[in-house]
Amino acid sequence: MAEIKEANGQIQISEEVIAIIAGTAAAETEGIALATAPVNAVKGFFGKKSQSKGVKVTVEESNALIEVEISVKFGINIKKVCEEVQAKVKNAVETMTGLTVSGVNVIVSDVWAEKEKQVPTAEEMDEETKAE
């Protein structure tokens, strides 16, 4: 848990919230998907725990180290897309939390082709969310 001490009191930000911010920022990158989330799934914005799957956050004092596991669409430049994920995650977490991101480690665990993965319908995603 990240703790920020202010003159008016203390602010605590859970690692789960930081993971959701990081996962949401990473998922905005074209040509990637969080490794454990359905490809191109849109389950909403914040507050959805699916956005934190595949994201690990370690916080020490006011520094955060973030690990994001992704899958990349076949044909995408992996190095370039990983650098974009790193920049988006670092910017989002630092802007929204005030923490310093000491690093964003990106793990590419899968490559997929467009025809291999099917985008679930909104109804299927709602059923998945209810099942969790």
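Which residue's side chain meets that of K88 in a salt bridge, and what is the distance from N to O? The legends below walk through helix α2 and its surroundings in a predicted model, and the answer comes with the view of K88.

**Figure 1. The whole chain, for orientation.**
Let us start with the overall layout. The protein chain holds 3 helices and 6 strands, and along the sequence these elements run in the order β-β-α-β-β-β-α-β-α. Of the 132 residues in the chain, 36% are buried. If you take contacts between residues at least 6 apart in sequence, 69% of them join residues at least 24 apart. The accessible surface of the chain is about 8000 Å², and carbon and sulfur atoms account for 48% of that area.

**Figure 2. Helix α2 from end to end.**
This view follows α2 through residues 78–97, a run of 20 residues. From its first C-alpha to its last, the helix reaches 28 Å, close to the 28 Å expected at 1.5 Å a residue. At the N-terminal end, N77 acts as a cap: one of its side-chain oxygens lies 3.1 Å from the backbone nitrogen of K79. Beyond the other end comes G98, which follows α2 and has a positive phi, near 80°.

**Figure 3. The buried face of α2 and what covers it.**
Here the focus is on V81, C82, V85, V89, A92, V93 and T97, which are buried in α2. Why do these buried residues line one face of the helix? Seen down the axis of α2, they fall within an arc of 105°, so they share one face. The cover over these residues includes two strands from the start of the chain, β1 (2–6) and β2 (9–13). Helix α1 (15–27) also contributes, as do β3 (32–34), β5 (63–73) and β6 (100–112). Turned away from the buried side is a face that carries the exposed residues K79, K80, N91 and T95.

**Figure 4. K88 and E84 on α2.**
Back to the opening question: the partner of K88 is E84, and their side chains meet in a salt bridge at 3.3 Å, N to O. Both residues belong to helix α2 and sit 4 residues apart, about one turn of the helix. K88 counts as partly exposed, with a relative accessibility of 28%. E84 is partly exposed too, at 33% relative accessible area. As a reminder for this view and the next, side chains of opposite charge can pair when their charged atoms come close.

**Figure 5. Two further salt bridges along α2.**
How many salt bridges are there in the count? The count comes to 3, and this close-up turns to K79–E83 and K90–E94. K79 and E83 are joined by a salt bridge of 2.6 Å, N to O, and these two residues of α2 are 4 residues apart, about one turn of the helix. K79 is exposed, at 58% relative accessibility, while E83 is partly exposed, at 42%. In the pair formed by E94 and K90, the closest N and O atoms are 3.0 Å apart. These residues also lie in α2 with a spacing of 4 residues, about one turn. E94 is partly exposed at 26% relative accessibility, and K90 is partly exposed at 34%.

**Figure 6. T29, a loop residue against α2.**
Is T29 buried or exposed? T29 is placed in the loop between α1 and β3, and with a relative accessibility of 2% it counts as buried. Leaving out residues up to four places away in sequence, T29 touches V81, E84, V85 and K88. Among these contacts are E84 and K88, the salt-bridge pair of Figure 4, and V81 and V85, two of the buried residues of α2.

**Figure 7. T97 in helix α2.**
The last view settles on T97, which lies in helix α2 and is buried, with a relative accessible area of 8%. A polar atom of the T97 side chain lies 2.5 Å from the backbone oxygen of V93. A polar atom of that side chain is also 3.1 Å from the backbone nitrogen of L99. Setting aside neighbours within four places in sequence, T97 is in contact with I4, I13, I18 and I21.

Notes: Residues are numbered from 1 along each chain as its sequence is written. This is a predicted model: local features need pLDDT of at least 70, side-chain atom pairs count only at pLDDT 80 or more; totals for chains, interfaces and linings use all residues. Side-chain values use heavy atoms; hydrogens and water are left out. The expected span of a helix is 1.5 Å times one less than its number of residues. Buried means under 20% relative accessible area, exposed over 50%, partly exposed in between (1.4 Å probe, protein chains only). The arc is that of the directions from the helix axis to the C-beta atoms. Contact means heavy atoms within 4.5 Å. A polar contact is a pair of N or O atoms within 3.5 Å; within protein, one must be able to donate a hydrogen and the other to accept it, and residues adjacent in sequence count only if both atoms are side-chain atoms. Accessible areas come from the Shrake-Rupley method with a 1.4 Å probe; for residues, only the protein chains shown count as cover.
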